[in-house]
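Student: Could you take me through one part of this model in close detail? I'd like to see how some of the helices pack and what sits in the loops beside them.

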Amino acid sequence: MTQQTLTLIEVEALARAAHEGQTDKSGRPYAEHLAAVAEGVRLRGGTPEQQAAAWLHDAIEDEALSLTWLDAAALPQPVKEMVLAVTKRPGEPLETYAARILATPGALLVKESDLAHNADPVRLSVLDAPTRERLTAKYAHVRALLGLTAP
C-alpha cells in the first residue's frame, strides 16, 4: 500500500514545525523566510511541487529534517530532487552548487525566490554593515552563476 502524497498545506505545517524556534540572521522566526520563498515561487508562476520544495528548501541544510526523512517522505520525486539541489553541502564550491541547481528541473525558480528574499534590502538593513556587505556580494555571485539578472 502506497502512502498518500503530502498536500501543500501539510508540507507547510511540517516545515513550520521542523523549523520551530529557529530564527534568521535578523532574529525573525525562520518560518517567515520559508513563507516568503514559497509565496515568491507562487507569484513567479511556480507549480505546487516547486512551492513544496520552497517550504522545505532549507530543512536538510539546517538539519531541521534529515536526508533519511526526505528519502522516505510522501513527496513526489521532483520535490525531493529540488530540495536536494538547493541544499548547500559543507565546503561545496558555489560553482558546483549552482551547476546542480541548473541541472535539476524546477530548482532554479526555488533558488531565485530564496535569493530574492535573502537579498531584500529591508531584510538586510537590520544586519551590521560587514555582514550585509558580505551577504550582498555572496547573493550577487550566486545569481551570476545561475544566470539570473539583478532582483
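Tutor: Sure. One definition before we start: the axes I'll talk about are lines fitted to C-alpha atoms, for helices over the stretch in contact, and the angles run from 0 to 180 degrees between N-to-C directions. Keep in mind that this is a predicted model.

Let's begin with helix 3 (residues 48–56) and helix 5 (residues 77–85), whose axes come within 9 Å and cross at roughly 40 degrees. Angles under 35 degrees count as roughly parallel and 65 to 115 as roughly perpendicular, and helix 3 and helix 5 are therefore oblique to each other. As for handedness, helix 3 passes helix 5 in a right-handed crossing. On the helix 3 side, the residues involved are Glu49, Gln50, Ala52, Ala53 and Leu56, and they meet Pro78, Val79, Met82 and Val83 of helix 5. By type, the residues of this contact split into seven nonpolar, one polar and one charged.

Now follow the chain out of helix 3. In the loop between helix 3 and helix 4 (67–72) you'll find Asp58. With 7% relative accessibility, Asp58 counts as buried. What does Asp58 touch, once its neighbours within four places in sequence are left aside? Its contacts are His19, Tyr30 and His33. There's a C-alpha pairing to check here too: Asp58 and Leu34 are 24 residues apart along the chain, and their C-alpha atoms are separated by 8.2 Å.

Past helix 5, the loop between helix 5 and helix 6 holds Thr87. Thr87 is buried as well, at a relative accessible area of 7%. Skip the neighbours within four places in sequence, and Thr87 is in contact with His57, Ile60, Glu61, Glu92, Tyr97 and Arg100. The C-alpha atoms of Thr87 and Ile101 are 9.2 Å from each other, with their positions 14 residues apart along the chain.

Hang on to Tyr97 and Ile101, as they come back in the next packing pair. Helix 6 and helix 7 have axes 7 Å apart and pack at an angle of about 125 degrees. That makes helix 6 oblique to helix 7. Helix 6 brings Tyr97, Ile101 and Leu102 to the contact, while helix 7 brings Ala107, Leu108 and Lys111. The tally for the contact of helix 6 with helix 7 is five nonpolar, no polar and one charged.

In the loop joining these two helices, between helix 6 and helix 7, is Thr104. Its relative accessibility is 14%, and Thr104 counts as buried. Apart from neighbours within four places in sequence, Thr104 is in contact with Glu81, Met82 and Ala85. Met82 should ring a bell: it is one of the helix 5 residues that meet helix 3.

That leaves helix 7 itself (residues 107–118). It has 12 residues and reaches 16 Å from its first C-alpha to its last, close to the 16 Å expected at 1.5 Å a residue. Is helix 7 mostly buried or exposed? Nine of its 12 residues are buried, so helix 7 is largely enclosed by the rest of the structure. Among the buried ones are Ala107, Leu109, Val110 and Lys111, along with Asp114 and His117. The cover over the buried residues of helix 7 includes helix 2 (30–43), helix 3, helix 5, helix 6 (94–103), helix 8 (121–124) and helix 9 (129–145). So the helices we started with, helix 3 and helix 5, turn up again in what covers helix 7.

Methods
Residues are numbered from 1 along each chain as its sequence is written. This is a predicted model: local features need pLDDT of at least 70, side-chain atom pairs count only at pLDDT 80 or more; totals for chains, interfaces and linings use all residues. Side-chain values use heavy atoms; hydrogens and water are left out. Helices (H or I, at least four residues) and strands (E, at least two) are DSSP runs, numbered from the N terminus. Angles under 35 degrees count as roughly parallel, over 145 as roughly antiparallel, 65 to 115 as roughly perpendicular and the rest as oblique. A crossing is left-handed if the near helix is turned anticlockwise from the far one by less than a right angle, and right-handed if clockwise. Contact means heavy atoms within 4.5 Å. Ala, Val, Leu, Ile, Met, Phe, Trp, Tyr, Cys and Pro count as nonpolar, Asp, Glu, Lys and Arg as charged, and the others, Gly among them, as polar. The expected span of a helix is 1.5 Å times one less than its number of residues. Buried means under 20% relative accessible area, exposed over 50%, partly exposed in between (1.4 Å probe, protein chains only).
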